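Hi everyone, thanks for making time. I'll put the structure up and then walk you through it, chain by chain.

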Amino acid sequence: MNTSTKIGNLELKNPFIAASGTYGYGVEYTDLSPADRWGAVILKSVSPKPRPGNVPPRCCETDCGMINSIGLANEGLEVYMKEKIPAFRKAFPGATCIASLAGETLEEFLLLAEKLSEMPEIKAFELNISCPNVAKGGMHFGADGNASCQLVRECKKISKVPVWVKVTPSTTDPVGVAAACAEAGADAVVATNTIPAMKIDVRRCRPVLGNIFGGLSGPAIFPASLRIAYLIHRALPELPLIGCGGVDCGEKAVQFILAGCSAVEIGTATFRNPGTEQLCLEYLEKYMAEMKFGSIEDFRALAHRTN
Amino acid sequence: MKKQELGTVISNIQAAKNLHFIKIRIPEIAPLLRPGNFISILPPAQSGAFLRRPFSVADVSGDTITLVIKAIGKATAAITGLAAGDRAEIMGPLGHGYPEFDRNKKIWLIGGGTGIASLLFLESGRKGCQDRLLWGGRTKDEIPEACNIPCRCFISTDDGTAGEKGTSIDVAKKWLKTERPDIIVSCGPRGLLKAVKQLSAETSIPAWISTEEFMACGMGACAGCAVPLEKGGYAKACADGPVFKAEEVIL
């Protein structure tokens with residue numbers, strides 16, 4: 001049995017990828033969920049300049065999940081290149097590292113792609129055009145097919161590594177956005193990001209989050225994320241696809257693969273149980289053995305068959 | 001080294017109407033804990049709570065820890081319902097705890113509600129020191145009747161139903177008229193920490209506070225538990241704290 005997978009030309013030893021923003025800079029979970037146990041890890045989104053992040057409170061719990069409004073807090077490109085990436089490489093020389101790029105403008109994305117192409121440790125870029133928690137860039141790019149298309153096309157010209165695009169669930173036409181990204185040359189699409197949401201404290205009679213709104217994640221969003229991944233694969237069967245949203249066990253991960261995904265991101269579930277990726281891998285091996293699947297390709301997209 | 005371990009509840013004593021002292025045996029994690037560290041518990045499945053819950057450690061005796069927990073929501077309701085023999089999945093040690101304070105220094109430890117936990121742990125290593133412990137609660141429902149604390153402990157409640165009427169800050173201010181500690185250490189609700197920070201600024205007595213924030217990961221990965229800093233920007237309560245110098249943080 002072979003649990004390795006390919007996203008375009010990038011081979012991963014297993015289909016489980018730590019989702020950006022939930023796994024820090026790859027070293028925070030060293031003791032409990034080490035990076036080299038994952039197929040790949042996507043480090044926290046980087047922006048050209050440092051971003052302090054949003055006013056707290058930044059997260060709260062909901063039924064079967066949580067809402068966050070971190071606001072892409074990060075120390076900027078310089079610290080990322082001089083400190084974060086080297087620290088990760090030192091701790092996990094064998095792990096596959098992917099950078100999540102968060103620009104406010106096309107120019108910022110291009111600057112990130114150009115500079116980070118110089119770092120051989122980074123095996124792919126994930127363009128974060130679906131963060132709901134920032135005023136500029138983020139989701140405002142991702143909901144617009146034309147803007148996404150231009151961004152991907154320009155990034156592809158500069159980037160020396162595959163370019164993945166993380167699309168938003170907050171559009172009436174996620175397939176259209178994915179198609180625009182594919183048309184512009186995206187190497188893979190990640191479906192999807194958090195869903196805009198809020199919570200109100202009935203004792204304080206105010207929104208719980210400092211930013212009022214945040215992004216819903218966790219098992220609560222899994223069925224909605226799965227539907228979008230399924231729709232994108234149905235329309236664009238040749239486009240490498242990565243599932244993201246609400247996976248907290250191997251069974252949900254397998255559903256994403258059956259919908260057409262070559263890999264699956266895991267995020268919020270790691271907060272609840274670091275080691276979720278290990279449980280998913282154990283489930284996957286058992287599932288493949290029981291179903292007599294020799295490889296991921298043996299059952300990927302099988303849910304689309306018509307007979 | 002952070003670990004995840006399935007612990008066994010040894011006892012659950014309801015010390016007041018809404019205050020539980022829960023002892024849990026976690027042989028792998030217990031020896032690694034220092035005062036000010038916290039652990040996180042995976043809430044029992046029937047609670048329906050999704051995220052882990054952070055709790056300061058109140059005592060370590062051999063392989064067993066003590067937690068001080070008040071039921072305020074579905075997770076804490078389920079955790080305070082645990083009985084001897086029940087299992088609880090625990091992760092720790094988390095966070096940076098208190099510095100090693102000089103035993104010759106006199107510390108006033110000001111605790112609000114369950115914030116008393118980390119102060120009890122700190123104090124357990126300072127037997128014989130000239131410290132004073134002040135424990136404030138809203139009502140007697142949050143303060144144990146028989147207060148078995150190894151140092152001089154002074155109880156106060158907002159409504160006067162246990163100990164002196166008033167907050168622990170009111171008591172500290174009264175004492176300050178006749179004596180003065182070298183250091184103040186505090187843990188409790190934001191209002192208390194704010195008052196301690198102000199008291200520290202007014203009296204020039206250095207203060208250390210342990211912050212309580214809602215957390216998602218508990219290990220510095222998600223940046224969800226941001227604490228604003230006086231110098232600008234934010235610290236993470238879980239990884240940079242939970243203990244900070246009062247003058248460094250904005251409350």
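Okay, let me start with a question: in what order do the seven strands of the open sheet in chain B run? The order is 4-3-7-1-2-6-5, and the pairing is antiparallel. Before I go further, please keep in mind that this is a predicted model.

So, the edges of that sheet. Strand 4 (53-56) and strand 5 (59-61) of chain B sit there, and each has a single partner strand, so one side of each is left without a neighbour in the sheet. As for the twist, neighbouring strands are turned by 35 degrees against each other on average, if you ignore direction. Let me zoom in on one of those edges. Strand 5 of chain B pairs with strand 6 of chain B over three bridges, in the antiparallel sense. If you want a residue to click on, take B:S61: its bridge partner in strand 6 of chain B is B:T64.

Now let's step back to chain B as a whole. You'll find four helices and 16 strands in chain B. Its radius of gyration is 17 Å, and the globule rule gives 18 Å for 251 residues, which is close, so chain B is as compact as a globular protein of that length. The C-alpha trace of chain B spans about 50 × 45 × 30 Å along its principal axes. Of its 251 residues, 52% count as buried. And for those of you who like contact maps: take the contacts in chain B with a separation of 6 or more, and 59% of them come from residues 24 or more positions apart.

How is chain B divided into domains? There's domain 1, covering 3-94, and domain 2, covering 107-210. The centres of these two domains of chain B, taken over C-alpha atoms, are 23 Å apart. Across the boundary, 15 residues of domain 1 of chain B are in contact with 18 residues of domain 2 of chain B. On the domain 1 side, strand 1 (3-16) and strand 6 (64-69) of chain B each supply at least two residues. The largest share there, three residues, comes from strand 6 of chain B. By class, that side of domain 1 has nine nonpolar, three polar and three charged residues.

What about the contact between the chains? Here 20 residues of chain B are in contact with 27 residues of chain A. The chain B side of that has 14 nonpolar, four polar and two charged residues.

That takes us over to chain A. Here we have a closed barrel of eight strands, running 3-4-7-8-9-10-15-16, with parallel pairing. Neighbouring strands of this sheet are turned by 25 degrees against each other on average, again with direction ignored. To pick one pair, strand 10 (residues 188-191) and strand 15 (residues 241-244) of chain A run parallel and are joined by three bridges. In that pair, A:A191 has A:G243 in strand 15 of chain A as its bridge partner. Packed on the sheet is helix 6 (residues 222-235) of chain A, which touches both strand 10 and strand 15 of chain A. The direction of helix 6 makes about 170 degrees with that of strand 15 of chain A.

Last stop, helix 5 (residues 174-183) of chain A. Its buried residues include A:P174, A:V177 and A:C181. Just after helix 5 of chain A, A:G185 takes a positive phi of about 105 degrees.

That's my tour, so over to you for questions.

Technical notes: Residues are numbered from 1 along each chain as its sequence is written. Chains are lettered from A and ligands numbered from 1 in the order in which they are written. This is a predicted model: local features need pLDDT of at least 70, side-chain atom pairs count only at pLDDT 80 or more; totals for chains, interfaces and linings use all residues. Two strands pair if DSSP finds at least two bridges between them. Axes are lines fitted to C-alpha atoms, for helices over the stretch in contact, and angles run from 0 to 180 degrees between N-to-C directions. Two residues are in contact if their C-beta atoms, placed from the backbone, lie within 7 Å. A residue is buried if 20 or more other C-beta atoms lie within 10 Å of its own, exposed if 12 or fewer, and partly exposed in between; C-beta atoms are placed from the backbone. Domain bounds come from an automatic or database domain assignment. Ala, Val, Leu, Ile, Met, Phe, Trp, Tyr, Cys and Pro count as nonpolar, Asp, Glu, Lys and Arg as charged, and the others, Gly among them, as polar. The radius of gyration is taken over C-alpha atoms; the globule rule is 2.2 Å times the number of residues to the power 0.38.
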